[in-house]
Amino acid sequence: MTDTPVRNTRVPDMATPLWEYAPAPESRDIVTIDSSYGLFIGGEWVEPSDGTMFKTVNPATEEVLAEVAQAGRADVDRAVGAARKAFGRWAKLPGAERGKYLYRIARIIQERARELAVLESIDNGKPIKETRDIDLPLVAAHFFYYAGWADKLAWAGLGPDPRPLGVAGQIIPWNFPLLMLAWKVAPALACGNTVVLKPAETTPLTALLFAEICRQADLPPGVVNIVTGAGETGRHLVEHDGVDKIAFTGSTEVGKQIQRTVAGTGKRVTLELGGKAANVIFDDAPIDQAVEGIVNGIFFNQGHVCCAGSRLLVQESVHDAVIDKLKRRLGTLRLGDPLDKNTDIGAINSSVQLDRITELVSAGEQEGAQRWQPECDLPERGYWFPPTVFTGVAQSHRIAREEIFGPVVSVLPFRTPAEAIEKANNTPYGLSAGVWTEKGSRILWMAQRLRAGVVWANTFNKFDPASPFGGYKESGFGREGGRHGLGAYLAGGVH
Ligand code: NDP
């Protein structure tokens, strides 16, 4: 348990707080964190070849949690070798047998869900109620879902005898560490590929616990390999000749570098990159529900969400009413200890990310937008940023164009549906969008015109393993999830 208190905030313009919450801390005892971790290669824990280690910290307290091995080029080579060696037998297993392993992993994840949720909150900073109720159920659901596909690949619409690609190099970010692992590992294994996965430098611990789960499930050695490290480790993986497929989730900048590196090599690639989603509120929308959708859209997971509704487009006739209700609602959010079950907003994942948010927020003010934040005490240690609303935002402002990846929403008014479309699509990204209206015809009209991979209607940030997810334009290409997600790991499939 961290000693960071949960701070209650006051509703603006009201003299008294709503009510005080007694602390409800989730126990940390269920988790054992070793002082140091090696690399998981060929089913064994091994030391990094040059002995280099890095530290992972709890962003809510700045406490060092563990030392983790930094994989160099030779280690990545070893991991790819182990994955190659395991590939032949794994790919030849009947799909039903591979499915059994995936079901077993899914069930162990469910059994150990609390342990994984607590560890994720400690290493990432996200609230326990999100890891417990959203991340972990979705992680298990992805393994169950793709376990079901493993013996039905011939019926996936990808040809009568679809074949795996080989060794998949998978690089994931820090915002949903275990969920992004599941999005990548489950379909790859179901299709008969073996994997080398690199978790983000700031959040390696749940991937390392997942390695233990692979052993517990008796997964054949080398089918899953985990190499921890920084961006350099990811680069070695991308450059390795023995890798047949790269699956990457992260920034557009690194995605572009990866595409340049693999150009002409014959490696298959899927990229899931940044976003700057428009969440569009029409004047006939159910306003109270829309306000909940706005909060979920941008303040869920501290706004560290690639598909976050970071641009709020509000029809002018309801602009003031929506902003008023939004501010009152934000006044009730509780920011603090991620392990407290009452916490709505946890810690920012790293000091680097906090600096980036702070820099963009000051750019917003300098460019003339109006910043608003609820009264909110920030804990003294750790990395924190209060929920922030910018009004008076112009489309040219950096806060309307760049991915902030933090709890900051930029409000842009509009008058007509055509103007909403113009503004929503005026971005280099195209990952997601939301539409709030009571008219079904308007939802369909909007969905046809929005250049976004996912369009949510009267909801936001809804995920399901059966539903494909991915972007247009600088948000990347390829789809993860659903039947489409199989295409990314099969020869002859859609990619
Ligand atoms: P990165 O794109 O740098 O990180 C994503 C993953 O790629 C991490 O595992 C990272 O390792 C790895 N990586 C970094 N450089 C390379 C490289 N040259 N070759 C291969 N792999 C590499 O994102 P950041 O963590 O630096 O975040 C920066 C910004 O990116 C954020 O502010 C946010 O705007 C955006 N972002 C978007 C995400 C999304 O889902 N769309 C997710 C994360 C970030 P390591 O962590 O060790 O550096």
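This briefing describes the ligand site of the structure above. The model is predicted. The ligand occupies the largest pocket. Domain 1 (36–273 + 473–489) and domain 2 (278–457) each contribute residues to the shell around the ligand, so the ligand lies between these two domains.

**Location and cover**

- The largest pocket is where the ligand sits, and the elements that supply two or more residues to the shell around the ligand are α7 (231–239), β10 (245–249), α8 (252–262) and α11 (351–366).
- The largest contribution to this shell comes from α7, which gives 3 residues.

**Composition of the shell**

- There are 27 residues around the ligand, and those that come nearest are I172, W174, S251, L273 and E403.
- By class, the shell residues comprise 12 nonpolar, 10 polar and 5 charged.

**Polar contacts**

- L273, one of the residues that come nearest to the ligand, has a backbone N or O atom 2.8 Å from a nitrogen atom of the ligand.
- R235 likewise places a backbone N or O atom 3.4 Å from a ligand nitrogen atom.
- For R356, a polar side-chain atom lies 3.1 Å from an oxygen atom of the ligand.
- On its own, the ligand has 850 Å² of accessible area, and the protein covers 86% of that area.

Terms used: Residues are numbered from 1 along each chain as its sequence is written. This is a predicted model: local features need pLDDT of at least 70, side-chain atom pairs count only at pLDDT 80 or more; totals for chains, interfaces and linings use all residues. Side-chain values use heavy atoms; hydrogens and water are left out. A residue is near a molecule or strand if one of its heavy atoms lies within 4 Å of it. A polar contact is a pair of N or O atoms within 3.5 Å; within protein, one must be able to donate a hydrogen and the other to accept it, and residues adjacent in sequence count only if both atoms are side-chain atoms. Accessible areas come from the Shrake-Rupley method with a 1.4 Å probe; for residues, only the protein chains shown count as cover. On a 1 Å grid over the protein atoms alone, a cavity is a set of points where a 1.4 Å probe fits but cannot get out, and a pocket is an open set with protein on both sides within 12 Å along at least five of seven lines; lining residues have an atom within 4 Å of a point. A molecule sits in a cavity or pocket if more than half of its atoms lie within 2 Å of its grid points. Helices (H or I, at least four residues) and strands (E, at least two) are DSSP runs, numbered from the N terminus. Ala, Val, Leu, Ile, Met, Phe, Trp, Tyr, Cys and Pro count as nonpolar, Asp, Glu, Lys and Arg as charged, and the others, Gly among them, as polar. Domain bounds come from an automatic or database domain assignment.
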